[in-house]
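Visitor: Could you take me through one part of this protein in close detail? I would like to follow a single helix and what packs around it.

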Amino acid sequence: MKKMSLVILGVLIFAVIASGCIGGSEVKDSGTRSVSSSGETGLKKATLKIFHAGSLSEPLKDVGEAFREYAKTIGYDVEIQAEASGSVMAVRKVTDLGKKADIVVVADYTLIPQLLVPDYTDFYVLFATNEIVIAFTDKSKYSDEINSDNWYEILAKPDVSFGFSDPNQDPCGYRSVMVMKLADLYYGKSIFETLVEKNTNIYAEGDHIIAPKDIQIKTDKVVIRPKETDLTGLVESGSLDYYFIYKSVAMQHNLKFIELPREINLKDFALAEHYGQVSITLGSTGKTIKAKPIVYGVTVLGDAPNRELALAYLKFLLSEKGKEIFEENYQDFIWPPVGFGNIPKEIRDEVKIEG
């Protein structure tokens, strides 16, 4: 009887060890190490690293939470490390700093073909749009007077402060200064000179803007930060009167805002040629960018540490659920999303392939 008990015990121990080995399959995380699956849940643990535009923080947080639940149904316990910055900086983390990531999401899709293709990826998808507004609160000076017709006069007042993000790091920054140059054409007044050139070392030669590598501020009237969302708290606290920001971000933070004429707000696709009269050269990259309607882009990097899972995330982002989450965050979604390049088979059903 004692011998039989020992045999049974040995079988049970072997079964436990075997089940541990079976449940311990490995997947790559966002670094170079591997992590084992959870013994309790049987889910494989993995990490997705995402470099993204600051203006996408809110919708991508919601997408990430929804995807984590979805990932459990396909066998993954996912940690999502979403790192916000200006889109130019998000790309430069990969190209200049050599940082590893699975996914890059930018507020200006053209940064992907300009800076990431073909060395870092061979495809990208256009999936969302936006527009530039001027946001403020009741604490902002002349908040009861500013409107879509006189905004540039209000911003020019000596006691008014305003801000925009760094053009060298963030599309919202270079779009903001291009909006002010487009305002010259629309209103027939020297708005760019008054608001930008007199307060910073950013200057224009005709309709072409130069943003020096090192942006300098000449007065205390203007505040510039690395990404547009860095300015939100300053406006909310009342230490900054106004800032140029995406409409979706203003709405997410319950800020007041004025909508700008469609000829300058970079929203209207029918006015792409009109917007294109204005361009900017960035000191950070040496690249020249034409003003154009605002379109966001996303890609999975060719050396993504968790490429299979990253493509599952991208498929989820581009699905009707992703569209629903973005629209709940006041951001228009392109439907269907538009893909360019060597579109992976995993997402071909989610996109309209253009090239």
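Guide: Happy to! A residue is called buried when its relative accessible area is under 20%. By that cut-off, buried residues make up 52% of the 355 residues in this predicted model. The protein has 12 helices and 18 strands, and the helix to look at here is α2, residues 57–73.

Start with its length. With 17 residues at 1.5 Å each, α2 should span 24 Å, because the expected span is 1.5 Å times one less than the number of residues. The C-alpha atoms at its two ends are 25 Å apart, which agrees with that expectation.

Now for the residues that α2 hides from solvent. Its buried residues are P59, L60, V63, G64, F67 and A71. The cover over them comes from several elements, both strands and helices. Among the strands are β3 (44–53), β4 (76–85) and β5 (103–106). The helices include α9 (247–252), α11 (307–317) and α12 (320–328).

That kind of long-range packing can be set beside a figure for the whole protein. Of the contacts with a separation of 6 or more, 69% are between residues 24 or more positions apart.

Finally, follow the chain out of the helix. Just after α2, G75 takes a positive phi of about 95 degrees. Strand β4 (76–85), already named as part of the cover for the buried residues of α2, is where you can look next.

Notes. Residues are numbered from 1 along each chain as its sequence is written. This is a predicted model: local features need pLDDT of at least 70, side-chain atom pairs count only at pLDDT 80 or more; totals for chains, interfaces and linings use all residues. Side-chain values use heavy atoms; hydrogens and water are left out. Helices (H or I, at least four residues) and strands (E, at least two) are DSSP runs, numbered from the N terminus. Buried means under 20% relative accessible area, exposed over 50%, partly exposed in between (1.4 Å probe, protein chains only). Contact means heavy atoms within 4.5 Å.
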